[in-house]
Amino acid sequence: MSTKTFTRDEVAKHNTEDSVWCIIDHRVYDLTDFLDAHPGGSVVLAQIAGKDATTEFYNLHRQEVLQKYKDSLCIGTVEGEKPEVIEPELGGLSPVPYAEPLWLRPEFKSPYYTESHRRLQRAIREFTEKYISPEAHEKERDGSYISQGLIDRMAETNILAMRLGPGKHLHGRKLLGGVVDGKEFDYFHDLIVAQEVTRINGRGFVDGNMAGMVISLTAVRQWLRNDSLKEKISEEVLSGKKKICLAITEAFAGSDVAGLRTTATKTPDGKYYVINGTKKWITNGMFADYFVTGCRTEKGFSVILIPRDDTVDTTQIKTSYSTAAGTAFVQFDNTKVPVENLLGEEHKGFIVIMSNFNHERFMMACGSIRAARTVVEECLKWCNQRIVFGKKLIEQPVIRQKLARMISLCESNQAWLEAITYQMCNMTYAEQALHLGGPIGLLKSHITRAAQEIADQATNIFGGRGITQTGMGKAIEMFNRTYKFDAILGGTEEILADLGVRQAYKRFPKAML
């Protein structure tokens with residue numbers, strides 16, 4: 001970018017179709033050769049030729065648009081003036097109020113987070129903005145799956161391993177270059193990773209980014225009794241060489257796991273299971289090498305690890321979000337696997353799935369809250385720059401009421417999430433399974449109901465832009481189109497709300513009757 005300076009009078013002379021200059025935030029831009037390339041057409045640019053277009057520009061665009069074209073179009077600054085708009089820093093915190101959770105804002109304190117958590121937050125945000133976000137936007141556009149290059153990079157830095165949560169699998173690993181010791185990695189570190197990788201504004205890619213691994217390899221590590229096979233699968237997946245997914249839902253059975261129809265029948269010699277059936281809406285199923293599969297066995301329900309072979313067929317399912325998620329219809333046609341691939345005990349698979357659900361729902365809660373916060377940030381920015389009826393939107397009381405409600409929902413949900421996270425840090429896996437299923441279910445249900453309200457308010461604030469997939473409102477449009485995934489995946493709102501009440505009622509004191 002040039003260091004030249006120009007007076008405002010000099011800029012004003014460039015107001016013809018042969019020479020179009022303008023001023024935006026005290027910088028001078030030569031738009032002459034950009035007229036035909038401007039997505040909004042040349043007429044709009046001709047209208048601001050020779051003028052200070054700062055108000056007009058920020059009434060339509062965000063700062064990142066200037067960043068994209070600054071090097072090629074900016075020819076200098078206005079003499080004696082300095083730009084005022086803050087340039088975002090790689091990995092930096094947003095200065096917008098409520099754009100970050102309270103613990104990341106310098107004026108607030110938290111009893112939960114240490115310097116270790118803050119180091120990880122900074123490192124994972126830098127990684128996400130540098131490597132994940134650019135690919136996410138590309139994959140959202142073309143619908144293709146996550147690249148092996150990004151998977152390898154996440155494996156090398158042990159981000160893949162961190163996404164499973166705390167555990168022995170992290171011991172001895174160098175996490176993101178050593179910012180955290182694997183032995184001190186707790187559920188607040190887990191929360192941070194989950195929330196940071198959600199900030200990319202690419203909901204389909206968020207699930208396509210190895211979400212299948214997050215909800216399935218945890219079950220393998222906890223319940224697969226064959227230790228050598230467990231370590232083999234873990235090494236393959238955490239190194240990025242193989243992919244894995246969870247295959248529970250069927251056309252006839254979603255939240256009603258008891259309705260599963262996929263069968264696993266033992267061979268006469270008792271050494272193998274033969275699996276027949278179908279699974280539907282399986283995240284990452286299109287590119288998975290292993291399927292952690294719920295099956296009906298002779299006396300109940302069992303969970304079996306199934307490697308992909310020529311008897312396993314996957315077909316892409318198109319949903320409201322991008323096909324980058326790899327959502328699949330899966331068919332098992334006489335698929336034969338050794339009995340050593342059983343997770344937990346035969347016919348007692350419900351405990352495997354139900355205990356595994358806690359971490360899945362916790363991760364979804366983390367992501368849904370963070371996505372909603374991003375929407376709040378977008379609304380706060382827009383209300384501060386959009387001029388309507390001669391005033392900024394933020395000057396309208398009705399808009400401030402909408403923002404107040406959205407902020408309140410985000411902050412209360414984050415506080416509840418952190419309270420539950422603290423319990424997870426101080427409970428064993430068995431204690432979590434016993435005590436936290438209900439509270440996590442209620443939290444997830446509450447978060448997704450809040451997301452519905454936030455999506456509604458944000459869309460009204462942005463108007464037509466809120467239903468447009470490009471430009472200023474693209475984050476709002478995507479959230480409005482995709483928030484329902486969190487309301488359905490991992491258990492629907494109604495099922496989880498009921499679970500929370502039923503678990504509480506089991507402990508209802510008889511003395512109160």
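Biologist: Why is Gln-63, which lies in helix α4 (residues 63-73), called buried?

Modeller: Gln-63 has a relative accessible area of 9%. Buried means under 20%, exposed over 50% and partly exposed in between, with a 1.4 Å probe and protein chains only, so Gln-63 is classed as buried. This is a predicted model, in which local features need pLDDT of at least 70 and side-chain atom pairs count only at pLDDT 80 or more, while totals for chains, interfaces and linings use all residues. Residues are numbered from 1 along each chain as its sequence is written, and side-chain values use heavy atoms, with hydrogens and water left out.

Biologist: Which residues does Gln-63 touch, leaving aside those up to four places away in sequence?

Modeller: They are Tyr-58, Val-85, Ile-86 and Glu-87, where contact means heavy atoms within 4.5 Å.

Biologist: What makes helix α8 (residues 187-196) a mostly covered helix?

Modeller: Of its 10 residues, 10 are buried; among them are Phe-188, Leu-191 and Ile-192. The elements that cover the buried residues of α8 include α5, α13 (349-385) and α14 (397-425). Helices (H or I, at least four residues) and strands (E, at least two) are DSSP runs numbered from the N terminus.

Biologist: What caps the N-terminal end of α8?

Modeller: Asp-186 does, with a side-chain oxygen 2.9 Å from the backbone nitrogen of Phe-188. A polar contact is a pair of N or O atoms within 3.5 Å; within protein, one must be able to donate a hydrogen and the other to accept it, and residues adjacent in sequence count only if both atoms are side-chain atoms.

Biologist: What makes Glu-89 and Arg-122 a salt bridge?

Modeller: The closest N and O atoms of Glu-89 and Arg-122 are 3.0 Å apart. A salt bridge is a side-chain nitrogen of Lys or Arg within 4 Å of a carboxyl oxygen of Asp or Glu, so the pair qualifies. Glu-89 lies in the loop between β5 and α5 and Arg-122 in helix α5, so the pair ties together parts 33 residues apart in sequence.

Biologist: Why do Glu-89 and Arg-122 fall into separate exposure classes?

Modeller: Glu-89 counts as exposed at 52% relative accessibility, whereas Arg-122 is partly exposed with a relative accessible area of 32%.

Biologist: Where do Arg-373 and Glu-411 lie, and are they buried or exposed?

Modeller: Arg-373 is in helix α13 and Glu-411 in helix α14, so the pair ties together parts 38 residues apart in sequence. Their side chains meet at 2.8 Å, N to O, and both residues are buried.

Biologist: Which class holds Arg-449, and which holds Glu-493?

Modeller: Arg-449 is partly exposed at 41% relative accessibility, while Glu-493 is buried with a relative accessible area of 4%. The two side chains form a salt bridge at 2.9 Å, N to O. The structure holds 26 salt bridges.

Biologist: What makes the phi values of Tyr-98 and Leu-176 noteworthy?

Modeller: Phi of Tyr-98 is near 70°, a positive value in a residue other than glycine; Leu-176 has a positive phi of about 50° although it is not a glycine. Tyr-98 sits in the loop between β5 (74-78) and α5 and is partly exposed at 30% relative accessibility. Leu-176 sits in the loop between β6 (174-175) and β7 and is buried at 13%.
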